[in-house]
Amino acid sequence: MTAMTAIAAKGKTPFKIKALPANKQRSLAGRYSLGVQVMSIAAFSLAFMGWINQTTLHLWDNPIWLNRYTEYAIILIFGLWRIRAEHNPYTRRRLIVLVSVVTALWWLVPWLFPVSEPYLGYMGTQPIFPSLHMPGTITFFLVLAAVALFGRRFICGWGCPCVGIRETVGFPFRHVTPRGRLAWGLRHSKWFFFALYVVAFVLLFIPPNPWSALYFGSFALLVGLTYFGSMLLSPVIGNRGYCRYLCPYGATFGLLNKVGLYRINFDAETCNDCGVCTQVCDMGIPVLELARRKGKIDVADCMGCGRCVTECTKNSLVFHDVRNVMRPSFAPDYARLRAWATGKNSAIRWQAGVFATLLIVTLAGAWWLSWA
Ligand code: SF4
Ligand code: SF4
Ligand code: SF4
């Protein structure tokens with residue numbers, strides 16, 4: 001019995017996306033001109049300079065074009081280009097959400113209306129909402145819960161500023177993503193950074209002392225240097241090098257990917273072994289090989305971008321998460337979503353209106369809280 005027929009036998013409707021015709025696969029990595037690649041590296045460098053100027057060098061007085069928020073302004077500019085250029089409707093919709101979340105929640109709210117966030121343990125600096133990357137904050141625990149229910153895609157696919165810059169500015173380097181056995185085996189390096197992260201988490205609950213201050217400072221510097229340094233290495237390691245090999249948060253979310261409700265189911269009978277799913281995966285996951293071996297993709301590395309699912313012309317890959325557990329008949333209307341993403345649905349106007357209203361209410365609420 002295949003994965004799909006097994007689901008049907010249990011009376012469940014798979015979380016499924018209609019396949020694109022074979023000649024319309026839209027997510028294979030393209031080649032970009034040298035000029036575009038140089039522009040991407042220049043944008044990465046500016047983001048790097050903004051971060052290092054504000055945290056270490058202090059050469060300029062954190063102007064808008066050179067502070068730690070410069071990265072988010074760059075994401076918005078390149079994001080508009082990427083949204084316009086993206087042909088895969090699902091990815092296009094994901095980029096719209098991703099760029100909007102980064103712009104509103106990671107840039108405008110913390111920069112213009114900073115609100116302190118409650119936290120557990122001892123922290124050297126007061127975290128500002130949203131403080132996803134500080135273990136102990138409310139945002140951190142909420143995101144962990146969401147990842148357990150919806151998988152790592154909740155944050156790595158749709159809301160992380162790190163993926164924001166790598167999916168927009170870093171896009172011209174997709175085609176150099178290292179693949180093969182060695183590149184796949186090297187993914188375990190992220191557990192080293194995860195171990196350092198766990199130590200930082202434990203130290204949060206010990207009264208501050210010079211050693212813990214030194215540890216936190218060194219850890220933050222290491223994360224910052226690997227985060228921005230890996231951007232500059234994109235022409236060699238692809239746009240997802242940091243997420244694959246170095247990110248301690250990605251490793252944390254990946255663990256929950258394994259033990260949570262998220263996975264991608266595989267129908268071995270309909271698959272024609274075309275291998276497109278493996279080729280479009282920017283995380284270098286051997287999707288077809290794993291699917292044939294395990295009958296599903298449930299690895300810690302899957303960030304849920306959906307490229308493999310949406311590009312499978314045989315509908316052999318289907319998402320599964322908490323929605324399928326709570327409501328077995330759950331099946332999103334992807335035809336409607338496609339029309340929404342491509343602007344062919346007139347409902348997009350009122351949906352955009354609702355989104356703009358929510359954005360204004362969020363900004364006004366954040367301003368009020370910071371004022372209060
Ligand atoms: S792996 Fe890390 S850097 Fe990459 S998207 Fe996830 S949290 Fe962000
Ligand atoms: S699951 Fe099979 S049919 Fe679908 S893209 Fe992968 S190899 Fe091709
Ligand atoms: S396995 Fe599929 S959903 Fe997961 S990261 Fe790769 S392409 Fe994206």
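What does the accessible surface of the chain come to, and what percentage of it belongs to carbon and sulfur atoms? In this predicted model, the accessible surface is about 17500 Å², and carbon and sulfur atoms hold 69% of that area.

**Figure 1. The chain as a whole.** The secondary structure of the chain consists of 19 helices and 3 strands. Of its 372 residues, 49% count as buried. Among contacts in the chain with a separation of 6 or more, 75% join residues that are 24 or more positions apart.

**Figure 2. The crossing of helix 5 and helix 13.** Helix 5 spans residues 138–150, and its axis comes within 8 Å of the axis of helix 13. The two axes cross at roughly 35°, and the crossing is right-handed. Helix 5 contributes Val 143, Leu 144, Val 147 and Ala 148 to the contact, while helix 13 contributes Thr 252, Phe 253, Leu 256 and Asn 257. By class, this contact has 6 nonpolar and 2 polar residues, with no charged residues.

**Figure 3. The surroundings of Gly 260.** Gly 260 lies in the loop between helix 13 (248–259) and strand 1 (263–266). This glycine counts as partly exposed because its relative accessibility is 22%, and the partly exposed class lies between 20% and 50%. Gly 260 and Ala 148 are 112 residues apart in sequence, yet their C-alpha atoms are 4.4 Å apart in space. Ala 148 is also one of the residues through which helix 5 makes its contact with helix 13.

**Figure 4. The shell around ligand 1.** Ligand 1 is surrounded by Arg 152, Cys 156, Cys 160, Cys 162, Val 163, Tyr 242, Cys 243, Cys 247, Gly 250 and Phe 253. Helix 7 (161–168), helix 12 (241–245) and helix 13 each give two or more residues to this shell. The shell divides by class into 8 nonpolar, 1 polar and 1 charged residues. Phe 253 appears here and also in the contact between helix 5 and helix 13.

**Figure 5. The shell around ligand 2.** The residues around ligand 2 include Cys 271, Cys 274, Cys 277 and Cys 312. Asp 273 and Lys 314 also belong to this shell, as do Phe 266, Leu 288 and Leu 317. In total, the shell has 7 nonpolar, 3 polar and 2 charged residues.

**Figure 6. The shell around ligand 3.** Cys 281, Cys 302, Cys 305 and Cys 308 are among the residues around ligand 3. Others in the shell include Ile 264, Met 283, Ile 285, Val 287 and Met 303, together with Gly 304 and Gly 306. The shell comprises 9 nonpolar and 2 polar residues, and no charged residues.

Key
Residues are numbered from 1 along each chain as its sequence is written. Chains are lettered from A and ligands numbered from 1 in the order in which they are written. This is a predicted model: local features need pLDDT of at least 70, side-chain atom pairs count only at pLDDT 80 or more; totals for chains, interfaces and linings use all residues. Side-chain values use heavy atoms; hydrogens and water are left out. Helices (H or I, at least four residues) and strands (E, at least two) are DSSP runs, numbered from the N terminus. Buried means under 20% relative accessible area, exposed over 50%, partly exposed in between (1.4 Å probe, protein chains only). Axes are lines fitted to C-alpha atoms, for helices over the stretch in contact, and angles run from 0 to 180 degrees between N-to-C directions. A crossing is left-handed if the near helix is turned anticlockwise from the far one by less than a right angle, and right-handed if clockwise. Contact means heavy atoms within 4.5 Å. Ala, Val, Leu, Ile, Met, Phe, Trp, Tyr, Cys and Pro count as nonpolar, Asp, Glu, Lys and Arg as charged, and the others, Gly among them, as polar. Accessible areas come from the Shrake-Rupley method with a 1.4 Å probe; for residues, only the protein chains shown count as cover. A residue is near a molecule or strand if one of its heavy atoms lies within 4 Å of it.
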